[in-house]
Every structure is written in C-alpha cells, then in structure tokens.
Amino acid sequence: MAKEFDSVRSMIEALKPSYPVYCLRPDIINQAAGRFLEQFPGRVLYAVKCNPHPDVLRALHKGGIRHFDTASLPEIAQVRESFPDAACYFMHPVKGRAVIGTAAKVYEIDTYIVDHPSELNKILQELGGAEGLTIYVRLKTPPVDGAFYHLASKFGADVDDAAAMLRDAASRGCRVGLAFHVGSQCLVPGAYGEALKIVGDVLEKAKVDIVGLDVGGGFPAEYLGTNMPPFEDFIREIEEGVKKLKLRRDCVLMCEPGRALVAHAISVVTQVQLRKDDQLYINDGVYGSLSETVDAGVKLPARAHRLNGALTGAPKDFILNGPTCDSLDVLPSTFSLPSDIDEGDWIEIDRVGAYSSALATRFNGFTPETLVVVHDQAIGSVR
Ligand SMILES: *Cc1c(COP(=O)(O)O)cnc(C)c1O
C-alpha cells in the first residue's frame with residue numbers, strides 16, 4: 001500500500017524528494033469510474049496496459065470496476081491475484097501457445113480475441129476445442145483524424161475476413177463477438193459511429209448472432225489545449241450506432257477505456273536540479289514518465305512548489321530537460337512557471353496517469369518508482 005499524505009505539499013515537506021514521485025488521487029479515479037459505470041450502457045473493462053500500478057488497480061476496483069482488458073499473462077496474474085471477483089478478457093490478437101494454455105488452465109480465462117484465422121486455429125488446438133469459449137474478432141477501423149495513435153494499422157481484420165472468421169468460429173462451437181479500437185485519445189465521437197457501421201457490414205455478411213460487442217477504448221482525457229467533446233457525445237454516438245445493429249437482447253456491450261479512467265488521477269512531482277537561464281533540468285523526462293509529450297504531443301499543466309519561502313515571480317516560459325544524457329530528452333513544449341524558480345524547487349506535472357510509468361525506461365539509471373496517495377485538489381481546469 002502506498003503512503004498517504006493530505007496534499008502534495010505535505011508529501012514534499014515529509015520526503016523532500018530528489019527523485020520523481022507519482023501522486024495518485026483516488027477520488028479522481030472513483031469519479032471517472034463512476035461516470036463510465038453510470039453512463040456507458042454496458043460492461044466497463046479497464047485496459048490494464050494504460051497503468052498497471054497496484055494502487056491504481058485498487059482504486060479502480062474500489063470505484064466499481066470488475067472487468068479488465070488484459071493482454072499478457074503478467075497482467076492477468078496481477079488482476080486475478082489481486083481481485084478474486086474480477087474478470088479478465090484476453091484481448092491481445094497475438095498470443096503465444098503456452099500463454100493461451102496457462103491463461104485457460106491456471107486463470108480460467110474463457111474470452112479471447114483474434115484477428116486472423118491462424119490465431120483462431122491456435123487457440124482451438126491449444127484448448128482442445130471450443131467448449132465454454134468466447135472468441136471476439138477484432139475489426140480494422142479507418143484512421144481517425146484527431147486520435148493520437150491508430151492501432152488498426154497493426155491489428156484488425158477487414159469486413160470479409162472478419163465475417164468469415166465469425167462464421168468459422170461459430171460453426172466450430174465458439175460463442176462469438178466483435179471488437180474494435182478506434183485509437184487512443186480519440187477526440188471525434190463520430191469515429192465510434194463509423195466503426196459501428198463496419199460492425200453492421202460484418203454482421204450482414206456473417207449472418208451469425210454475436211454474444212458481445214466491444215467498442216474498445218480511445219475515450220479522451222483533457223490536456224492543455226485539448227478541444228474536448230462532452231463525454232455524453234461519445235455515449236450517444238455509441239448508443240445510436242448500436243441501436244441500428246438490431247443485436248440480440250442478450251448481446252453484451254463492452255468498452256475498454258484506459259486513459260479516460262486514469263489520466264487525471266496522477267501527477268508527478270519532479271525536482272529542479274539545475275537552472276540555466278530559461279532552461280530547467282529536472283529528474284523526469286522523455287525516457288521516464290513524459291514520453292507522451294513527444295509521441296502524442298500531449299501538453300501538461302504544471303505548478304511549482306518551494307519549501308522555504310515563496311515563489312513570487314511572474315509566470316515565464318521554461319524549457320524542461322529530462323535527466324538522461326540524451327539530447328532528445330527535452331520536453332517539446334515550454335512550461336509556464338514562476339520566473340524565480342530555481343534549483344531545489346519542485347514542479348508538479350499533472351495528468352500523467354495514463355501511459356506514463358507504464359512506458360518509463362531504465363535509460364541511464366533513471367526510472368520513476370515511487371507512488372504516494374494524496375487527497376488535495378488537482379491542478380484546476382486547464383482550458
Ligand atoms: C490500449 C487499448 C485500449 C485502451 O485505450 P485508451 O486509449 O487508453 O482508452 C483499449 N483497447 C485496446 C484493444 C487497446 O489496445
């Protein structure tokens with residue numbers, strides 16, 4: 001269990017950390033989980049890869065999340081061993097043979113995804129048949145302008161292949177479903193409607209009943225300058241798209257959010273190690289928690305803390321350098337901070353709950369490892 005503090009400030013007073021410290025606000029996870037569970041008209045799976053920290057999973061579980069999108073044995077083991085009442089779904093379209101066997105025999109996983117006939121054959125061979133098995137077929141969806149990452153270039157079957165796999169899996173005795181993922185940080189609600197039209201095309205061709213429809217993740221988080229559509233627009237788009245499909249009443253609708261459940265819930269407190277003019281050298285960076293500032297152009301809100309005395313300077317733009325010796329380890333956007341910030345002060349960088357620690361490397365010996373729980377307000381609205 002993580003140490004708890006009233007506030008980021010009291011954490012800094014207690015630890016005076018010279019290493020980066022993640023500050024988890026479980027209340028924010030609780031709110032985000034509540035919003036999904038209330039408004040999404042189906043089952044809500046958390047995509048574990050987004051942030052698998054045990055305290056993050058615990059907060060989600062406490063917030064009512066009982067279903068988990070898992071993609072590897074370690075993820076499955078972690079969820080199943082932490083929460084006996086949680087269900088895991090093996091949602092990686094490419095799995096090792098031994099991994100499939102272990103998932104089924106040790107962890108009793110009965111739901112798998114495929115996007116190629118060879119993977120379906122592999123699963124049925126390894127498990128010795130289709131009894132009790134639910135197979136989801138992952139669809140390719142068109143690229144969305146306004147999504148950070150487009151995963152359909154790596155995974156997903158087109159309409160004809162998906163329809164053939166559905167028919168094949170159903171004829172071999174599997175229960176079958178369809179799934180897609182529009183891409184992370186999708187700012188276009190219509191992308192879900194477009195994908196659901198493709199689901200309609202597949203169902204028309206395949207003429208089999210599906211027991212589940214998984215609309216994936218991709219729901220956005222609000223960063224600096226993000227033009228956020230209301231959450232309700234995503235829900236409405238999904239509801240309207242699903243209604244047109246005329247699914248069986250017992251077909252389960254599912255979503256797999258990662259980012260939208262956790263991004264706002266964690267900040268990272270970094271320390272200034274050196275100031276050179278308008279350049280600050282801090283102890284976290286592109287190879288640590290902050291790779292999405294480069295890979296996805298994410299702009300993060302920040303505020304400064306000083307223990308002895310106050311920071312009184314007017315806001316000024318600073319370039320933040322990460323701790324490794326690589327010249328690429330510089331954050332691409334400037335941060336507005338008090339002009340008198342200096343060595344030894346701390347910078348709390350917010351909205352790093354998603355794809356931060358999960359992507360951190362050990363490059364140069366720097367890796368953020370400490371997480372604490374805090375109960376103060378996060379940095380306010382960032383519009
Ligand atoms: C990564 C991933 C998710 C989670 O995506 P977010 O953008 O974090 O919501 C959901 N489903 C699949 C298949 C994924 O690969």
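**Exercise 1. Salt bridges along the chain**

Task: State how many salt bridges the rule counts in this predicted model, then explain what the pair Arg25 and Glu348 ties together.

Solution.
- Start with the count: the rule gives 20 salt bridges. The model is a predicted one.
- Take one pair. Arginine 25 bridges to glutamate 348, with the closest N and O atoms 3.1 Å apart. The cut-off is 4 Å, so the pair qualifies.
- Place both residues. Arginine 25 sits in the loop between strand 2 (21–24) and helix 2 (26–39), and glutamate 348 sits in strand 16 (residues 346–349), so the bridge ties together parts 323 residues apart in sequence.
- The general principle: side chains of opposite charge can pair when their charged atoms come close.

**Exercise 2. The domain interface**

Task: Describe how domain 1 and domain 2 meet, from the division of the chain to the contacts across the interface.

Solution.
- Divide the chain. Domain 1 covers 4–23 + 263–374, and domain 2 covers 26–262.
- Locate the centres. Over C-alpha atoms, they are 33 Å apart.
- Count the contacts. Domain 1 puts 21 residues in contact with 20 residues of domain 2.
- Size the interface. About 1800 Å² is buried between the two domains, and carbon and sulfur atoms give 60% of that area.
- Look for charge pairs. The rule finds one salt bridge across the interface. Arginine 259 and glutamate 292 form a salt bridge, with 2.8 Å between the closest N and O atoms.
- Add the polar contacts. Nine residue pairs make them across the interface.
- Now view the side of domain 1 that touches domain 2. Helix 11 (292–295) and strand 17 (370–374) are the elements giving two or more residues to this side. Strand 17 gives the most, with three residues.
- Sort that side by residue class: 13 nonpolar, four polar and four charged.

**Exercise 3. The ligand site**

Task: Find how many residues surround the ligand, and give the distances from its oxygen atoms to Lys49, Ser184 and Gly258.

Solution.
- Count the surroundings. The ligand has 14 residues around it. The closest are Lys49, Ser184, Glu256, Arg259 and Tyr355.
- Check the side chains. Lysine 49 places a polar side-chain atom 2.8 Å from a ligand oxygen. For serine 184, a side-chain N or O atom is 2.4 Å from an oxygen atom of the ligand.
- Check the backbone. In glycine 258, a backbone N or O atom lies 2.9 Å from a ligand oxygen.
- Link back to Exercise 2. Arg259, one of the closest residues to the ligand, also forms the salt bridge with glutamate 292.

How values were computed: Residues are numbered from 1 along each chain as its sequence is written. This is a predicted model: local features need pLDDT of at least 70, side-chain atom pairs count only at pLDDT 80 or more; totals for chains, interfaces and linings use all residues. Side-chain values use heavy atoms; hydrogens and water are left out. Domain bounds come from an automatic or database domain assignment. Contact means heavy atoms within 4.5 Å. Buried area is the accessible area (1.4 Å probe) that two parts lose on being put together, summed over both. A salt bridge is a side-chain nitrogen of Lys or Arg within 4 Å of a carboxyl oxygen of Asp or Glu. A polar contact is a pair of N or O atoms within 3.5 Å; within protein, one must be able to donate a hydrogen and the other to accept it, and residues adjacent in sequence count only if both atoms are side-chain atoms. Helices (H or I, at least four residues) and strands (E, at least two) are DSSP runs, numbered from the N terminus. Ala, Val, Leu, Ile, Met, Phe, Trp, Tyr, Cys and Pro count as nonpolar, Asp, Glu, Lys and Arg as charged, and the others, Gly among them, as polar. A residue is near a molecule or strand if one of its heavy atoms lies within 4 Å of it.
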